[in-house]
Each structure stands twice: as C-alpha cells, then as structure tokens.
Amino acid sequence: MEPSDDSARLTIAEQPALLPYALLLLAQLFFAAQLQTASVPYGLIVSEVLFFGAPTWMWLAAKNFPVRDFLGLRLPSWKLIALGAALGAANFLVAGTLQVLVRRLMSPELLKLFDISHIFAGAGPFELGTLLVALSVAAPICEEMLFRGYLQTVFGARLGMRAGIVVSAVLFALLHFDPVGMLARIELGVLFGALVFWSRSLWPAVAAHAVNNLIASILFIVSLGSGGSQPQAEPALGPTLAGGLVALLATAGLLAAFRRLAGAAPSTGGSYTSLARPGADHSFRASRARAPALFAMAFFAASTAIFLALDWRGAEANFIDEATPTSKILDRVPDQAERKDLEERLRQAHRLARQGKLGLDQYRQLRTELFGTAEQRKEKVPLDPASIARALEAASPALGGSGG
C-alpha cells in the first residue's frame with residue numbers, strides 16, 4: 001500500500017461508526033416507532049430517509065468526502081445490477097431456510113411477538129402499494145447507503161475489508177430487533193457486502209436487497225389474502241432443507257458469475273486516496289451539508305403534508321389502537337370463533353373510523369370500554385359476548401350482530 005493510500009485509510013478509519021449506529025438505534029426505538037404508529041408505510045419511508053440515508057449523506061458532505069465515491073453510488077454495468085437482482089431472488093430461499101431452522105428452536109409466544117405480518121393485515125390497496133415502495137425502494141437504498149456504503153468502508157479501513165463486511169452485516173441484523181430473523185439477516189448482509197466489495201458499487205446490493213424484500217412482501221400479502229393470519233404449521237424440515245440446498249447452489253453459481261464479471265481480483269473499491277484525498281481538509285464543517293440537510297427537511301415536510309392530507313383520520317385511529325391494544329381485548333375471549341368475530345368487527349370499526357363513517361370519539365370510547373373491561377379481568381375470565389355486541393352496536397349499527 002502506498003504511503004498516501006495508507007494515510008487516506010487511516011483518515012477513513014478515524015470516522016465514527018459505533019456512535020452514529022447507537023444514535024440510529026435510539027432513533028428507531030423512540031422516533032421511528034412513533035412515526036410508524038401513525039402509519040406504517042409513512043413511518044417506514046420517512047424513517048429510512050431521515051435516519052439512514054440523509055444523515056450518512058450529511059456527515060460525508062460535512063467532512064468533505066466525495067459522497068458518490070465513498071458510498072459507491074456510481075452506476076456499474078447493467079449486467080452487474082441484473083445479477084444482483086438475480087442473487088436477491090436465488091438467495092431468498094437460502095435466508096428463508098435459515099429462518100425456518102431458527103423458528104423451530106423458538107417458542108410459539110416468541111414467534112408471535114416478533115411476527116411482522118401484522119403490518120400488512122387490514123391494509124387497503126393504497127397502503128399496500130406504499131408499503132411495497134417503502135420496503136423495496138426506500139429501505140434498500142437508504143440502508144445500503146449506511147451499512148454497506150459507510151459502515152462497511154469505515155470498518156474495512158480499521159479491520160480489513162472482509163471483517164468490515166461481517167461487522168456491518170451483524171450490525172445490520174441487530175438493528176431489526178428480531179431474533180427470529182437475526183441469522184438470516186446476517187447472511188443477507190454478508191451477501192450484500194460481498195457484492196459491494198467485488199463491484200465497487202452500491203447498486204448491485206441495492207438490487208439484491210430490493211428483490212429480497214419484494215418477494216417477502218408479496219408472500220406476506222398472498223398469505224394474508226388466503227387466510228394466513230391464522231396459525232400455520234411449520235414447513236416440513238426435509239423439503240425445506242432440500243430447497244435451501246438447491247437455492248444455495250444457484251446462489252453460489254450466480255456469485256461466481258458476478259465475481260468474474262466484476263473482475264477476478266477482489267477490490268476494496270479502488271484506492272483509499274479516491275475516498276480521502278491527500279491534503280484535503282476533512283474537518284467537520286456544517287455548512288458543507290446544507291444541500292442534504294435542506295433535502296431532508298423538504299422531504300419530511302412534503303411527505304408529512306401529503307400523509308396528513310390523505311389519512312389524518314387513519315393516524316388518529318392508529319394512536320387509539322396503540323393506547324388500547326387489540327391483543328389485550330382478544331385475550332379475554334377464549335372461544336376461537338368469538339375471538340375471530342370480534343377481531344374482524346374491530347377491524348371494521350377501524351375502517352369506519354378512518355372513512356369518517358364512525359366518529360373518532362365514538363371509536364375511542366368503544367375501544368376504551370372494551371379494553372377497560374378486559375383489563376379488569378386479572379384472570380382469563382371471558383368477556384360476555386352479549387356485552388361486546390352491545391358496545392359495538394352502540395358505536396355503530398353496522399358493527400352489531402354476528403360477523404363483520
């Protein structure tokens with residue numbers, strides 16, 4: 001390594017990594033959670049841009065690093081992007097097999113606690129479309145900018161690029177707060193990191209990430225549409241392992257083709273001097289980050305205005321639901337048929353409140369009464385179905401009677 005390149009590597013290695021990651025964890029726990037309570041699609045898109053993409057861009061700009069080169073934002077050959085997408089599809093079953101194996105070691109209570117299919121349940125066409133954009137466009141771009149673009153480069157400069165790939169993959173998995181998908185996300189993170197490592201571009205990893213998320217989202221939607229909200233048996237282990245092995249072989253073949261196309265020798269993404277120019281002033285200067293900061297503020301203002309114009313009632317109804325959890329109400333209805341009936345009518349009440357056909361005050365009173373009654377039952381003494389029906393019909397005649 002040339003002396004100037006070694007100096008540039010040290011400059012990159014000195015950049016903060018764990019501190020911004022810790023701040024991101026706090027933002028996810030306290031701010032992103034509130035945004036997603038108002039609306040999951042809105043919250044996902046805004047939090048991806050404001051907590052992942054924009055801060056990465058702002059920090060590099062303020063430190064006078066070449067953002068496009070540092071993050072690998074220059075477009076590679078379209079063939080590399082296409083291979084990245086193909087790898088996202090082929091590897092989906094590899095990651096899925098790992099997740100199935102982990103699920104078999106966990107209790108049903110833990111699996112239910114970390115089940116994310118609820119974000120798709122009851123969503124209308126507009127919400128589902130926005131969710132798909134959030135999960136297959138915003139998340140891949142913004143998360144790859146932070147994890148494979150910034151953190152992998154910094155940890156690679158400190159520890160060596162292969163260790164940087166693994167460390168950033170582990171941090172990527174931890175950020176999702178999901179022990180069920182932890183191992184699968186580490187595997188995905190290593191795959192995405194290798195694509196960036198070999199291609200010197202972020203876009204093949206973005207393509208792989210996007211296809212993986214898109215397939216998972218479509219499967220969730222199809223499952224819920226066919227009654228998948230009910231507990232299902234775990235898939236048989238033999239066929240799952242066989243399918244995972246076939247997918248692993250396909251992934252290995254595609255990776256070999258990707259590496260040949262990207263270049264036979266692994267690369268760190270060019271010399272470090274292309275990322276930290278010798279003699280350049282890399283002191284922090286906030287004025288340099290004016291453009292990304294203005295973009296972030298304009299994006300937040302515009303997306304919030306659009307969201308409130310389209311669905312402010314939905315946000316209010318979601319906060320009412322958060323204060324009176326449906327699960328606590330349903331826990332006091334042990335009969336499965338009655339639970340399903342009540343759950344569907346509560347969903348209908350939510351839809352009516354969003355549409356303005358049921359007043360938000362009435363909706364709040366309905367859920368508060370049911371929740372309060374359930375909370376008074378310290379043991380699992382069932383709620384009286386007749387009193388439930390009366391409370392529902394008092395809120396709206398459309399909710400009375402049997403079924404929804």
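F177 is partly exposed, with a relative accessibility of 37%. In this predicted model, F177 sits in the loop between α8 (161-174) and α9 (182-199), and its phi is positive, about 50°, although it is not a glycine. F177 also belongs to a nonpolar patch on the surface, so that patch is a good place to go next, followed by a second loop residue, a helix pair and some salt bridges.

**The nonpolar surface patch**

- F177 shares its patch with L19, L23, L26, L29, F30 and F31.
- Together, these residues have about 750 Å² of accessible area.
- One of the patch members, F31, is found in helix α2, which covers residues 18-38.
- How accessible is F31? Its relative accessibility is 55%, and because exposed means over 50%, F31 counts as exposed.
- F177, by contrast, lies in a loop, the one between α8 and α9, and at 37% it counts as partly exposed.

**Another positive phi**

- N64 is a further residue to look at if you enjoy backbone details: its phi is near 65°, a positive value in a residue other than glycine.
- Where is N64 placed? It lies in the loop between α3 (40-62) and α4 (67-71).
- The relative accessibility of N64 is 30%, so it counts as partly exposed.

**A helix pair: α5 and α11**

- Helix α5 spans residues 78-103 and helix α11 spans residues 237-262.
- The two helices pack with their axes 8 Å apart, at an angle of about 155°.
- Angles over 145 degrees count as roughly antiparallel, and α5 and α11 are therefore roughly antiparallel to each other.
- As for handedness, α5 passes α11 in a left-handed crossing.

**Salt bridges**

- How many salt bridges does the structure hold? There are 15, and three of them are described here, each with its own setting.
- R74 and D69 are joined through their side chains, with an N to O distance of 2.6 Å.
- Both ends of that pair are partly exposed: R74 has a relative accessible area of 42%, and D69 has one of 27%.
- R185 and D178 also meet through their side chains, at 3.0 Å from N to O.
- Are R185 and D178 buried or exposed? R185 counts as buried at 18% relative accessibility, and D178 is buried too, with a relative accessible area of 6%; the cut-off for buried is under 20%.

**A network in helix α14**

- Within helix α14 (residues 336-355), E343 and R347 are four residues apart, about one turn of the helix.
- These two form a salt bridge in which the closest N and O atoms are 3.2 Å apart.
- E343 counts as partly exposed at 28% relative accessibility, and R347 is partly exposed with a relative accessible area of 27%.
- Which residues does the network bring together? Salt bridges with shared partners link E343, E344, R347 and R351 into one network.

Conventions:
Residues are numbered from 1 along each chain as its sequence is written. This is a predicted model: local features need pLDDT of at least 70, side-chain atom pairs count only at pLDDT 80 or more; totals for chains, interfaces and linings use all residues. Side-chain values use heavy atoms; hydrogens and water are left out. Patches are made of residues with over 30% relative accessible area and no salt bridge: like charges are joined within 9 Å, nonpolar side chains (Val, Leu, Ile, Met, Phe, Trp, Tyr) within 5 Å. Accessible areas come from the Shrake-Rupley method with a 1.4 Å probe; for residues, only the protein chains shown count as cover. A salt bridge is a side-chain nitrogen of Lys or Arg within 4 Å of a carboxyl oxygen of Asp or Glu. Buried means under 20% relative accessible area, exposed over 50%, partly exposed in between (1.4 Å probe, protein chains only). Axes are lines fitted to C-alpha atoms, for helices over the stretch in contact, and angles run from 0 to 180 degrees between N-to-C directions. Angles under 35 degrees count as roughly parallel, over 145 as roughly antiparallel, 65 to 115 as roughly perpendicular and the rest as oblique. A crossing is left-handed if the near helix is turned anticlockwise from the far one by less than a right angle, and right-handed if clockwise.
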